[in-house]
Amino acid sequence: MAILSGYIEDEDNKQSSTSSALSFNAVLDPSNPLGFLESAFNFVSENSDMFNTDSVEKKISSLVKNIKERTMKEEATKKEHETKEKEEIKEKPKPKPKLNPNKDNGLDMESHSWGQNLQEVTATVPVPLGTKSRDVICDVKKDYLKVGLKGQTPIVDGQLFETVKPNDSYWSLEDQKVIYLLMTKCDKTSWWKSLLKGGPEIDTQKAEPDKSKLSDLDMETRSTVEKMMFDQRQKQLGLPTSQETENQNMLKKFIAQNPNFDITNAKMF
């Protein structure tokens with residue numbers, strides 16, 4: 001139940017500045033709304049001549065009609081929004097689950113396999129035994145790859161997940177049954193989640209750099225790779241990354257140099 005209070009004005013209030021406002025208090029029982037309306041009408045009847053006019057029924061009917069139309073319109077709008085939200089949720093694509101990488105930090109597919117290190121991406125594509133090099137189609141562009149046999153549907157065909165250097169990439173036919181492809185990455189500091197865009201993705205957090213090749217990297221790249229490996233291990237252990245540790249150390253240093261500074265209300269950017 002709800003207690004509503006307000007006031008009413010004399011019917012001629014709009015035309016006379018001498019009319020006075022009267023307080024009205026009533027209890028609304030949602031199970032009996034007509035009882036509330038009856039109380040309101042009785043109050044109006046006792047304190048005004050509204051019900052003495054011939055047009056009162058017409059005015060009340062018009063008021064009820066307007067409220068009903070407004071309520072129906074609001075309800076229709078609400079249902080329309082709810083339906084739209086349900087459709088949006090239904091149409092929203094679910095994120096594809098990330099897969100564990102194979103031993104080469106890639107993925108074994110039905111028609112081919114691929115792997116990677118931080119410098120290169122490799123792919124092996126099985127073909128019928130006895131295949132000749134002249135039958136092979138291998139088209140490597142900066143952001144596109146197509147591998148297959150002449151006169152047949154390509155086995156691998158699509159946009160690469162990241163860019164490569166076509167002039168530093170090559171392919172070979174091994175034992176007349178497997179096409180081997182090596183592509184040099186443009187960005188040598190990150191893992192690919194997939195060979196082709198839109199393909200199944202691996203969990204790059206589980207990718208493992210070949211430690212034996214870290215010494216082959218230049219100092220800047222090696223430092224970046226070692227930092228990535230450290231941060232990856234920290235995240236897996238739920239510990240702060242190198243950047244978070246650096247920020248914490250800077251804050252401790254600042255507090256030590258400014259012991260009277262109150263950081264409780266300081267804005268952090």
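This is a short talk on the fold, core, open spaces and a few single residues of one protein chain.

Hi everyone, and thanks for coming. Please keep in mind throughout that we are looking at a predicted model.

Let me start with the overall layout. The protein chain has four helices and 10 strands. Reading from the N terminus, the order is β-β-α-α-β-β-β-β-β-β-β-β-α-α. So much for the order; now for burial and contacts. Of the 269 residues in the chain, 25% count as buried. If we take contacts between residues at least 6 apart in sequence, 49% of them join residues at least 24 apart.

On to the core. The largest nonpolar core is made of 24 residues. Which residues have the most contacts inside it? They are Leu-145, Met-183 and Leu-195. As for the elements, those giving two or more residues to this core are the strands β5 (120-126), β6 (136-140), β7 (144-149), β9 (164-174) and β10 (178-185).

Let's stay with Leu-145 for a moment. Setting aside neighbours within four places in sequence, Leu-145 is in contact with both Met-183 and Leu-195. Its other partners beyond that range include Val-140, Val-156, Leu-160 and Leu-181, and also Asp-139.

That last one, Asp-139, deserves a look of its own. Asp-139 sits in strand β6. Is Asp-139 buried or exposed? Neither, quite: Asp-139 is partly exposed, because its relative accessible area is 24%, and the buried class ends at under 20%. The side chain of Asp-139 makes a polar contact of 2.7 Å with that of Lys-141. Beyond four places in sequence, Asp-139 touches Tyr-144 and Lys-146 as well as Leu-145. And if you follow the chain to Pro-166, 27 residues away from Asp-139, the two C-alpha atoms are separated by 9.2 Å.

Now for two threonines. Thr-184 belongs to strand β10. With a relative accessibility of 10%, Thr-184 counts as buried. Apart from residues up to four places away, Thr-184 touches Gln-119, Val-164, Lys-165, Asp-168 and Ser-169. Thr-241, by contrast in setting, lies in the loop between α3 (219-237) and α4 (242-257). Thr-241 also counts as buried, at 10% relative accessibility. Where do its contacts go, once neighbours within four places are left aside? Thr-241 is in contact with Phe-230, Asp-231, Gln-234 and Lys-235.

Finally, the spaces. How many cavities of 30 Å³ or more does the structure hold? There are two. The second largest cavity has about 40 Å³ of space. Around it we find Leu-118, Trp-191, Pro-209, Val-225, Met-228, Met-229 and Gln-232. By class, that lining has six nonpolar residues, one polar and no charged ones.

The second largest pocket offers about 410 Å³. Its lining has 20 residues, and those nearest the centre are Lys-103, Asp-104, Asn-105, Gly-115 and Gln-116. Strands β4 (113-116) and β5 each supply at least two lining residues, and the largest share, five residues, comes from β5. Do you remember β5 from earlier? It is also among the strands that give two or more residues to the largest nonpolar core. By class, the pocket lining divides into four nonpolar, eight polar and eight charged residues.

That is my tour; I'm happy to take questions.

How values were computed
Residues numbered from 1 in each chain as written. Predicted model: local features only at pLDDT ≥ 70, side-chain atom pairs only at ≥ 80, totals over all residues. Heavy atoms only, no water. Core = buried A, V, L, I, M, F, W, Y, C linked by side-chain atoms within 4.5 Å. Buried < 20%, exposed > 50% of the residue type's maximum accessible area, 1.4 Å probe, protein only. Contact = heavy atoms within 4.5 Å. 1 Å grid on protein atoms, 1.4 Å probe; cavity = no way out; pocket = protein on both sides within 12 Å on 5 of 7 lines; lining within 4 Å. Points joined across faces, edges and corners; volume = space filled by probe spheres on them. Nonpolar A, V, L, I, M, F, W, Y, C, P; charged D, E, K, R; others polar. Polar contact = N/O pair within 3.5 Å; in protein donor to acceptor, adjacent residues only side chain to side chain.
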